[in-house]
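Here is a briefing on the ligand and metal sites of one protein model. Please read it with the structure open.

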Amino acid sequence: VKQEQVRCCHHQDYMITASKEKTRLTADLQRAISNHEFAVYYQPIIDLTNDTIAGAEALVRWHSPTRGLVSPLDFIPVAEDTGMIVDIGKQILLQACTDTKLQIDSGRWPTNFLLHVNMSVRELLHPGYISRVKEILAITQLPAANLTLEITESRLVSQPLLTNQLLGELRDLGIHIAIDDFGTGYSSLAYLTQLQFDALKIDRSFVSQMLDSENHAAIVAAIITMTAKFNADIVAEGVETAEQAAHLKQLGCRYAQGFYYSRPKPLAEWDIGNSANNALQHNTST
Ligand code: C2E
Ligand code: MG
Ligand code: MG
Ligand code: MG
């Protein structure tokens, strides 16, 4: 009994500490929004048919004056819970569209460059989200065809009908929708019959085990085949080795992303060709 009491107290201590930290994080994030402490990093998306850079995924980084560089994994969940993701997402989308328009206009990126930006379901369901997206495209003059919004399947659960309607409205604007982290949520296949999407991203967990496990390899192959039948684009996430890239090519996977090609980098470091990136040319056709 004594031991259980001790455990119970530890548990409560932990809960109090965790909730205090969440309160601090919430306050810090609120300041971060006002002070524009967020930066956008870009990770190239490679076209495997010609080994060129076809686009990039925008990934938020938080430069906190007190916490240092904070990973999105450490603050996006709290930002989603509290609704602050709406303001953060607005800053990220504006920055990403502004950057991309400038890169295209200066000829550093091709006119058909694919900019991918993550969108939380919480943002999508926020009233006025779609008019905000429209407004950002109008302000930045980035064509909608350059923009893909990535949505994580596991978080689509709550309101599938409304979600799908809103995704349809975004697609009507000419924006593409990608299903992110495919295969990690539940009811994955059922969602594909209901949701409108233009691209599907195979989760890193399948890609990373593809060469060690026949089951993972089979799933990757099946997702690639299935996505082609949906007439959607396919992106493999988390490619870390040449062997994985070669195997994905063999399976007919069109696009790939991962540390093998490049880590996410600030724009300033992007155009300086280095290491693996030297082998990759920007696709300047059309
Ligand atoms: P995600 O959208 O699935 O993004 C891919 C994540 O995998 C990124 O982590 C990226 O750095 C990482 N990654 C890419 N290639 C590799 C690889 O080869 N190996 C490994 N181990 N990892 C790789 P990051 O930047 O930490 O972002 C984590 C998640 O946070 C994202 O997952 C996304 O769900 C969320 N996130 C990031 N930026 C935003 C944003 O602006 N808005 C929203 N709503 N969510 C965001
Ligand atoms: Mg993503
Ligand atoms: Mg992903
Ligand atoms: Mg994710």
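The magnesium ion (ligand 3) takes its protein donors from Asp180 (OD), Asp181 (OD) and Glu237, the last listed with two OE entries. These donors lie 2.0 to 2.6 Å from the ion. The model is predicted. The points below cover this ion, its magnesium neighbour and then ligand 1.

**Magnesium ion (ligand 3)**

- Along the sequence, the donor residues of the magnesium ion (ligand 3) are spaced D-D-x55-E.
- Asp181 belongs to strand S6, while Glu237 sits in the loop between strand S8 (233–236) and helix H10 (242–250), so this pair ties together parts that are 56 residues apart in sequence.

**Magnesium ion (ligand 2)**

- Four residues coordinate the magnesium ion (ligand 2): Glu57 (OE), Asn118 (OD1), Glu150 (OE) and Asp180 (OD).
- Their distances to the ion are 2.0 to 2.2 Å.
- The spacing of these donors along the chain is E-x60-N-x31-E-x29-D.
- Glu57 in strand S2 and Asp180 in strand S6 are 123 residues apart, and the pair links distant parts of the chain.

**The bridge between the ions**

- Which residue bridges the magnesium ion (ligand 2) and the magnesium ion (ligand 3)? Asp180 does.
- The two ions lie 3.9 Å apart.

**Contacts of ligand 1**

- Gln43 places a polar side-chain atom 3.1 Å from a nitrogen atom of ligand 1.
- Glu57, a donor to the magnesium ion (ligand 2), has a polar side-chain atom 3.0 Å from an oxygen atom of ligand 1.
- Val60 contributes through its backbone: an N or O atom there lies 3.2 Å from a nitrogen atom of ligand 1.
- On its own, ligand 1 has 800 Å² of accessible area, and the protein covers 86% of it.

**The shell around ligand 1**

- How many residues surround ligand 1? There are 24.
- The closest are Arg61, Asn118, Asp180, Glu240 and Phe259.
- Asn118 and Asp180 also coordinate the magnesium ion (ligand 2).
- By class, the shell residues divide into ten nonpolar, nine charged and five polar.
- Strand S2 (52–64), helix H2 (72–82), helix H3 (85–105) and strand S6 (176–182) each supply at least two shell residues.
- Strand S2 gives the most, with four residues.
- Ligand 1 takes up the space of the largest pocket.

Technical notes. Residues are numbered from 1 along each chain as its sequence is written. Chains are lettered from A and ligands numbered from 1 in the order in which they are written. This is a predicted model: local features need pLDDT of at least 70, side-chain atom pairs count only at pLDDT 80 or more; totals for chains, interfaces and linings use all residues. Side-chain values use heavy atoms; hydrogens and water are left out. A residue is near a molecule or strand if one of its heavy atoms lies within 4 Å of it. A polar contact is a pair of N or O atoms within 3.5 Å; within protein, one must be able to donate a hydrogen and the other to accept it, and residues adjacent in sequence count only if both atoms are side-chain atoms. Accessible areas come from the Shrake-Rupley method with a 1.4 Å probe; for residues, only the protein chains shown count as cover. On a 1 Å grid over the protein atoms alone, a cavity is a set of points where a 1.4 Å probe fits but cannot get out, and a pocket is an open set with protein on both sides within 12 Å along at least five of seven lines; lining residues have an atom within 4 Å of a point. A molecule sits in a cavity or pocket if more than half of its atoms lie within 2 Å of its grid points. Ala, Val, Leu, Ile, Met, Phe, Trp, Tyr, Cys and Pro count as nonpolar, Asp, Glu, Lys and Arg as charged, and the others, Gly among them, as polar. Donors are N, O and S atoms within 2.8 Å of the metal (3.2 Å for Na, K and Ca); water is not among the atoms, so sites may look incomplete.
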